[in-house]
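Colleague: Could you take me through one part of this model, the open sheet and the helices lying across it? I'd like the cut-offs along the way, please.

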Amino acid sequence: MEKSDCILIVDDDPEIRRLLVDYLARNGFEAVAARDGREMWQALERHAIDLIVLDLMLPDSDGLTLCRDLRAKSGSSNALNIPVLMLTARGEETDRIVGIEMGADDYLVKPFNPRELLARIKSILRRTRALPPNLRPEAARCLCFAGWCLDTAARLLTAPDGVATPLSGGEYRLLRILLDHPNRVLNRDQLTEMIHGHEAEAYDRAIDVQVSRLRQRLRDDSREPALIKTVRGEGYVLAASVEGRNSCA
């Protein structure tokens with residue numbers, strides 16, 4: 001029997017926790033709940049979590065900090081790869097962009113319809129597991145370009161000098177998309193659809209933020225980038241050839 005995906009709900013409101021746990025259980029998911037950051041870390045140790053629904057405002061720590069700390073835990077590839085859906089009572093674009101900067105995969109503003117939350121969860125899980133056919137791990141474990149190498153299994157980006165850096169979910173997906181379409185201009189709408197899986201006008205600037213962060217990872221000069229170039233009025237292009245290898249050694 002196939003195991004159900006396990007969703008971790010992190011919210012200090014007991015009514016929201018109860019509602020979401022019950023609703024997700026009725027829709028085929030396993031769901032566990034935590035009321036703060038301390039309980040979140042405990043749940044991650046006890047359960048194999050597939051996705052975290054994380055509230056921005058918590059009593060002991062804010063969701064942005066927890067998301068950042070989750071992405072920074074390079075000692076656990078599982079923790080690094082868990083997608084995060086941020087819940088926020090704030091609707092300002094700046095807050096949403098900061099959440100994505102910290103490594104969140106998507107966001108949903110309170111109050112929300114549980115059906116929309118369910119749709120977002122399914123979309124995130126679907127796109128984080130989907131790989132382009134020509135870049136399946138068995139075909140190319142490592143993707144190398146301009147002296148850099150991306151380990152697609154560990155989600156580690158290794159620089160020409162050998163320094164390896166783990167990527168957040170958003171950084172990884174953006175780089176994979178660019179590596180799958182080298183020397184091809186992709187506009188913001190295309191990148192938004194491929195990364196986030198749904199229409200959202202607020203993501204226009206978020207794409208720019210993610211490109212900026214990925215350029216930092218690649219040590220690419222933002223004023224005169226050599227790898228991820230801006231094509232004015234059109235979008236972005238990875239200006240490098242890509243080679244698939246079975247090993248990153």
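Modeller: Happy to! Two strands count as paired if DSSP finds at least two bridges between them, while helices (H or I, at least four residues) and strands (E, at least two) are DSSP runs, numbered from the N terminus. This is a predicted model, in which local features need pLDDT of at least 70 and side-chain atom pairs count only at pLDDT 80 or more, whereas totals for chains, interfaces and linings use all residues. Residues are numbered from 1 along each chain as its sequence is written, and side-chain values use heavy atoms, with hydrogens and water left out.

Let's start with one pair: leucine 8 has valine 32 in strand 2 as its bridge partner. Strand 1 (residues 6-10) and strand 2 (residues 30-34) run parallel and are joined by five bridges. Between them the chain passes through helix 1 (residues 14-26), giving a right-handed β-α-β crossover; right-handed means that, with the strands pointing away from the viewer, the path from the first strand over the helix to the second runs clockwise.

Now the whole sheet. It is open, with five strands in the order 2-1-3-4-5 and parallel pairing. Strand 2 and strand 5 (106-109) are at the edges with a single partner strand each, so one side of each has no neighbour in the sheet. From one strand to the next, the twist averages 20°; axes are lines fitted to C-alpha atoms, for helices over the stretch in contact, and angles run from 0 to 180 degrees between N-to-C directions. Further along the order, four bridges pair strand 3 (residues 51-55) with strand 4 (residues 84-88), again in the parallel sense, and aspartate 55 has leucine 87 in strand 4 as its bridge partner.

Next come the helices, where contact means heavy atoms within 4.5 Å. Helix 1 lies across strand 1 and strand 2, at about 170° to strand 2. Helix 2 (residues 37-46) lies across strand 1, strand 2 and strand 3, and runs at about 165° to strand 1.

Helix 2 rewards a closer look. Gly37, Met40, Ala43 and Leu44 are its buried residues (buried is under 20% relative accessible area, exposed over 50%, partly exposed in between, with a 1.4 Å probe and protein chains only). These residues are on the same side of helix 2 because they cover an arc of only 115° around the axis, taken from the directions from the helix axis to the C-beta atoms. Glu45 and Arg46, on the other side of helix 2, are exposed.
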